[in-house]
Each structure stands twice: as structure tokens, then as C-alpha cells.
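The following report walks through one protein model with its ligand, for a reader who has the sequence and the coordinates at hand. It begins at the ligand and then turns to sheets, helices and backbone details.

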Amino acid sequence: MRAIVVREFGAKPETADMPIPEAGAGQVLIQLEAAGVNPFDQRIIDGFLNGRLPHDFPLIPGTDGAGTIAAVGAGVDDFTLGDRVVGKFLIPPIGHGTFAEYIAVPHDSALALVPDEVTSVRAAALPTAGITALDLMRAARVRDGQKMLIVGASGGVGSYLVQLGALAGAHVLATARPDDTDRMIRLGATEVVNYGPAIPASVADSVRTTDPGGIDVLFDLVSAPPVFADNAGLVRSGGAAFSTIGSADEAALRARGITGGNLESSGGAAELRELLRLAATGDLMVPISAMPPLSEAAEVLGAPGARGKTVLVI
Ligand SMILES: NC(=O)c1ccc[n+]([C@@H]2O[C@H](COP(=O)([O-])OP(=O)(O)OC[C@H]3O[C@@H](n4cnc5c(N)ncnc54)[C@H](OP(=O)(O)O)[C@@H]3O)[C@@H](O)[C@H]2O)c1
């Protein structure tokens, strides 16, 4: 099968011919049509999990994928041949990912049937970013009328968070570069906080000016610890602040009466089904900015400037 591989940590991804995996007992074989790209994929290539989980080389990257069940192993009765499915797969040994024509995965992994209303390309854009956004909303218990600031709102996780915040009735403040302002409003942001080289004020300074009473919830997807601390300073006592990149000082938050901290997404098939339901009803727009072919994976992996999701078409 055609696959994208890296031959050692840090190597450039290349196209290669790899054996088609087999569906063992308890597994399903998926013929992939689309694979969503996440920052995590490049971090795995760079060796982020080296020493923590076993890896196989040549390593096929890719966590998110959607396609059709092509074979079913012994003992599997919840999926049948031809079912359209989507999933989020980080299954050791790492290196048998979704940037390939086929993947074999346990039937009880984060795998869900795709409703007819949702194309495979859209489905593949949902798992990691969408589940993380849903996990954040649930961890913060966002309620109607609360002020919620998303820093890093233009990317994959942020483009779902803006929408889930609006669906929950929150007053959503979303960061965006000036040329991405209109898209944030269309996704459901109430206010857009611009950043970039032409904007001298920090995000925290801008919000202190526009919303001097502070905010209830901070979701910061991009800031290093000092900037996270500055942004968390906007949160009123009794509120919540989360980092997805480990930047929160949880003791400092508690000392100010703020819940939250560093979130590691733990959602699985149930959360994926919820996102698929929202996408099928049209309540959740799947924000895809680019759909390059699988062969162009090297160009999009780890690229900055995300505007929603990039999905590789296989
Ligand atoms: N802990 C977990 O379980 C978990 C789960 C999923 C993701 N993550 C992490 O969360 C982060 C976000 O994920 P993602 O998939 O949304 O990434 P993404 O799609 O790459 O989006 C990141 C967005 O942030 C913007 N950005 C960068 N610097 C910024 C700044 N200083 N202020 C405001 N916006 C800024 C980027 O746009 P520009 O480049 O144009 O500025 C981009 O649109 C990643 O680091 C990812 O690894 C963690």
C-alpha cells in the first residue's frame, strides 16, 4: 500500500510502499479515504514519545483517519464490511498510523460509525481537535452567558471551541490575525481579539481594555507559561483556565480560586459520536482549510498558520 513514512526520528516524511496490515482477532482493517493532520503528528516524528512508548520504523505517522471497513477480525461483531468509520488512533507500537491506504485497529478503540450526512473528509477532520475541544468545554463546565476567551482560536481545536462555546450560549472572545476576523465571527465568536506584528498590544492587554470586568473561562492553546499566566490573570475568582500545552501553574491558579490547569484530552468513541451527531445536524461546521493529496504530507506536517483543519485525501 502507499504510505507516508519516516525512517528515523526527525527525518523528512516520504512516500513508500508498505505491506497492507492484517486485521487480527478483535481488530478491523480500515481502507482509509482521508486523514486529518494535527500538530501532534509532527511531534511524534520529532521523537516526543521516544522512551515513553515503543516505535516501529519505517514509522507511518497520522492519528486521525476515516474510511471503510475492509476486513473484520475474529470476535468483532460491532462493525461489518463496508461500514464507514472514523477514529483517533495512538496505538503502541507507534508507527502504524493513518497516513496510509490501510490501518488495522482494535474494534474498541476511539472508533465510530460515520452518519450519511458527513463525508469521510469532514469526518477525518473531527477526532483529535474536536474531542479536545469537547473535553475542554466539559472540564470547564461552560454555562450560558459566561465570558470565554480562546487563545489560538484559529486552528483546529480553536475552530471547534468557538462553535461549541457559541452553542453553549457563551460570550466567546476569540483571537485571530486581522485577516481571519470574519471567519471567527461566522463560527460564532462574539468578539475577536486581533494579534500579529501590526498589533502592539498583547491579547491580555486588549481584553483588559475591552472587558475590564474580566472573563469566566480561559482556553489557551498556544501560550508559553509567562504569557499563559498573564492571560489567566484575566480570569475572575471562581472561573476556570486551561492550557493544552502544559503551560498552567496549577498551584498558582488554585491560590486565586481558579479551577482548571493542564488538560490532556482523554475523550474517545463517545465524544466522537457526539461530534458526528452535531456535524450531521449542521450544528457544528467542520472547518477544513486545505485538502492536499497524501503525497503532500511533508509540506503540511508541522506547518504554522492553521486556519481550521488540513485533511490529507488518500
Ligand atoms: N493536551 C492535549 O490533549 C492536546 C490535544 C490537542 C492539541 N493539543 C495541542 O494544542 C495546541 C493547539 O492544537 P491545534 O490542533 O488547534 O493546533 P493548530 O491547528 O496548529 O492551531 C494553532 C493556532 O494557533 C494560532 N496561534 C499561534 N500562535 C498564536 C498566538 N501567539 N496567539 C494566538 N494564536 C496563535 C495559529 O495561527 P498562526 O500560526 O497564524 O498564529 C494557529 O491557527 C497544539 O500545541 C497541540 O499540540 C493538545
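## Around the ligand

In this predicted model, an oxygen atom of the ligand lies 2.9 Å from a backbone N or O atom of Gly156. Two further polar contacts of the ligand involve Arg177, through a polar side-chain atom, and Ala306, through a polar backbone atom. The table sets out these three residues with their distances to an oxygen atom of the ligand.

| Residue | Part of the residue | Distance to a ligand oxygen atom |
|---|---|---|
| Gly156 | backbone N or O atom | 2.9 Å |
| Arg177 | polar side-chain atom | 2.8 Å |
| Ala306 | polar backbone atom | 2.6 Å |

The ligand has 21 residues around it, and those that come nearest are Val157, Arg177, Tyr195, Ser265 and Ala306. Arg177 and Ala306 therefore appear both in the table and in this group of nearest residues.

## The parallel sheet

An open sheet is built from six strands with parallel pairing, and their order across the sheet is 12-11-10-13-14-15. At its edges stand strand 12, residues 191-194, and strand 15, residues 259-262, each of which pairs on one side only. Ignoring direction, neighbouring strands of this sheet are turned against each other by 20° on average.

Within the sheet, strand 10 (residues 147-151) and strand 11 (residues 171-176) run parallel and are joined by four bridges, and Met148 has Val172 in strand 11 as its bridge partner. Helix 6, which spans residues 203-210, lies across strand 10, strand 11, strand 12 and strand 13 (215-220), and it runs at about 140° to strand 12.

## Antiparallel pairings of strand 5

Strand 5 (residues 64-72) runs antiparallel to strand 3 (residues 27-36), and six bridges join the two; here Gln31 has Thr68 of strand 5 as its bridge partner. Strand 5 is also joined by five bridges to strand 6 (residues 84-88), again with the strands running antiparallel, and in strand 6 it is Lys88 that stands opposite Asp64.

## Two crossing helices

How do helix 3 and helix 9 cross, and how far apart are their axes? The axes of helix 3 (residues 127-140) and helix 9 (residues 269-281) come within 9 Å and cross at roughly 100°, so the two helices are roughly perpendicular to each other. On the side of helix 3 the contact is made by Pro127, Gly130, Ile131, Leu134, Asp135 and Arg138, while helix 9 contributes Glu271, Leu272, Glu274 and Leu275. By character, the residues of this contact divide into five nonpolar, one polar and four charged.

## Backbone details

Two cis peptide bonds that precede a proline deserve a look when the backbone is inspected. One joins Phe57 and Pro58, with omega about -5°, and Pro58 is found in strand 4, residues 55-60. The other leads from Pro92 to Pro93, with omega near -5°, and Pro93 has its place in the loop between strand 6 and strand 7 (94-96).

Arg141, found in the loop between helix 3 and strand 10, has a phi near 50°, which is a positive value in a residue other than glycine.

Notes. Residues are numbered from 1 along each chain as its sequence is written. This is a predicted model: local features need pLDDT of at least 70, side-chain atom pairs count only at pLDDT 80 or more; totals for chains, interfaces and linings use all residues. Side-chain values use heavy atoms; hydrogens and water are left out. Two strands pair if DSSP finds at least two bridges between them. Axes are lines fitted to C-alpha atoms, for helices over the stretch in contact, and angles run from 0 to 180 degrees between N-to-C directions. Angles under 35 degrees count as roughly parallel, over 145 as roughly antiparallel, 65 to 115 as roughly perpendicular and the rest as oblique. Contact means heavy atoms within 4.5 Å. Ala, Val, Leu, Ile, Met, Phe, Trp, Tyr, Cys and Pro count as nonpolar, Asp, Glu, Lys and Arg as charged, and the others, Gly among them, as polar. A residue is near a molecule or strand if one of its heavy atoms lies within 4 Å of it. A polar contact is a pair of N or O atoms within 3.5 Å; within protein, one must be able to donate a hydrogen and the other to accept it, and residues adjacent in sequence count only if both atoms are side-chain atoms.
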